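Biologist: I am new to this structure and would like a close look at a single part of it. Please take the nonpolar core and the helices around it, and describe how they fit together.

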Amino acid sequence: MNPKETRRKPKELNIQIGERCRQARETAGYTQELLAEQIDVSTQFLSDAERGVTGMSIATIIKLCRTLDVSTDFILLGKNNSDAHAPLSIDSRIQHLSSQQQKLVEEGFNLLNKAFFSK
C-alpha cells in the first residue's frame, strides 16, 4: 500500500485551529522555529499542527496563546470579538516566562527606566 494512502485525512477542526495558530504566529512576528522553541515543541510538530495534520494538547494551546498574546477563544473557536484579542497584562505575560527570560525583561526595564528618568 502506498504510504500516502495510509495517512489519515486531517480533521476539519484541526485545520481551522491550525490556520488560526498560523495567523496569530505571523501577526506576532514569530517564525515557526522561534515559536516552537518558546512553547517547547518541535518545529515539525508546529508545522504539522498549523496544517491540521495533527492536533495540539490543551497545555500546548495554552502555551501558544500566552506566547502569542491571543485568547483561547480565538484559537479554538475563531471568535473575533474585542475580548478575543485583548492583550494579556504585562505582569501576566512576564509570569509565564522562564526565570532567565524574566531576568532579561527586568534588565531591559531597568535600562529603559534609567534612560527615561535619569538626568
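Modeller: What follows goes from the whole chain to the core, then to the helix contacts around the core, and last to a few single residues.

The model is predicted. Its protein chain has eight helices and zero strands, so the pattern read along the sequence is α-α-α-α-α-α-α-α. Of the 119 residues in the protein chain, 26% are buried. Among contacts with a separation of 6 or more, 49% join residues that are 24 or more positions apart.

The largest nonpolar core holds 17 residues. Within this core, Met56, Leu64, Val70 and Ile75 have the most contacts. At least two core residues come from each of helix H2 (12-28), H3, H4, helix H5 (58-68) and helix H6 (72-77). H5 gives the most, with four residues.

Leu64 is a useful place to start, as one of the residues with the most contacts inside the core. Leaving out residues up to four places away in sequence, Leu64 touches Cys21, Leu35, Ile39, Leu46, Met56 and Ile75. Two of these partners, Met56 and Ile75, are themselves among the residues with the most contacts in the core. Others return in the helix contacts below: Leu35 in the contact of H3 with H4, and Cys21 in the contact of H2 with H4.

Now the helix pairs. Two packed helices are described by the angle between their axes and the distance between the axes. For helix H3 (residues 32-39) and helix H4 (residues 43-50), the axes come within 8 Å and cross at roughly 105°. That crossing makes H3 roughly perpendicular to H4, because angles of 65 to 115 degrees are classed in this way. On the H3 side, the contact is made by Gln32, Glu33, Leu35 and Ala36. These residues meet Thr43, Leu46, Ser47 and Glu50 in H4. By class, the residues of this contact are three nonpolar, three polar and two charged.

H4 also packs against H2. Here the angle is about 120° and the axes are 7 Å apart. H2 brings Asn14, Gly18, Glu19, Cys21, Arg22 and Arg25 to this contact, and H4 brings Leu46, Ala49 and Glu50. The contact of H2 with H4 has three nonpolar, two polar and four charged residues. Leu46 and Glu50 thus serve H4 in its contact with H3 and also in its contact with H2. Leu46 is, besides, one of the residues that Leu64 touches.

H6 shows how parts distant in sequence come together. Leu76 is found in helix H6. Leu76 counts as partly exposed because its relative accessibility is 35%. Its contacts, not counting residues up to four places away in sequence, are Leu13, Ile17, Arg20 and Ile61. Leu76 and Arg20 are 56 residues apart in sequence, and their C-alpha atoms are 8.2 Å apart in space. Asp73 lies in helix H6 as well, and Asp73 is partly exposed, with a relative accessible area of 36%. Leaving aside neighbours within four places in sequence, Asp73 is in contact with Gly78 and Lys79.

Two loop residues next to these helices deserve a note on their backbone. Most residues other than glycine have a negative phi. Asp40, in the loop between H3 and H4, has a positive phi near 65°. Asp69, in the loop between H5 and H6, has a positive phi of about 60° although it is not a glycine. Are these two residues buried or exposed? Asp40 is exposed, with a relative accessible area of 64%. Asp69 counts as buried because its relative accessibility is 16%, and the cut-off for buried is under 20%.

Finally, helix H8 (residues 99-117) can be set beside the core. H8 has 19 residues and reaches 26 Å from its first C-alpha to its last, close to the 27 Å expected at 1.5 Å a residue. H8 is hardly covered, since the count of buried residues among its 19 residues is zero. A residue must be buried to belong to a nonpolar core, so H8 supplies no residue to the core described above.

Notes: Residues numbered from 1 in each chain as written. Predicted model: local features only at pLDDT ≥ 70, side-chain atom pairs only at ≥ 80, totals over all residues. Heavy atoms only, no water. Axes fitted to C-alpha atoms, helices over the stretch in contact; angles between N-to-C directions. Parallel < 35°, antiparallel > 145°, perpendicular 65-115°, else oblique. Contact = heavy atoms within 4.5 Å. Nonpolar A, V, L, I, M, F, W, Y, C, P; charged D, E, K, R; others polar. Core = buried A, V, L, I, M, F, W, Y, C linked by side-chain atoms within 4.5 Å. Buried < 20%, exposed > 50% of the residue type's maximum accessible area, 1.4 Å probe, protein only. Expected span 1.5 Å × (residues − 1).
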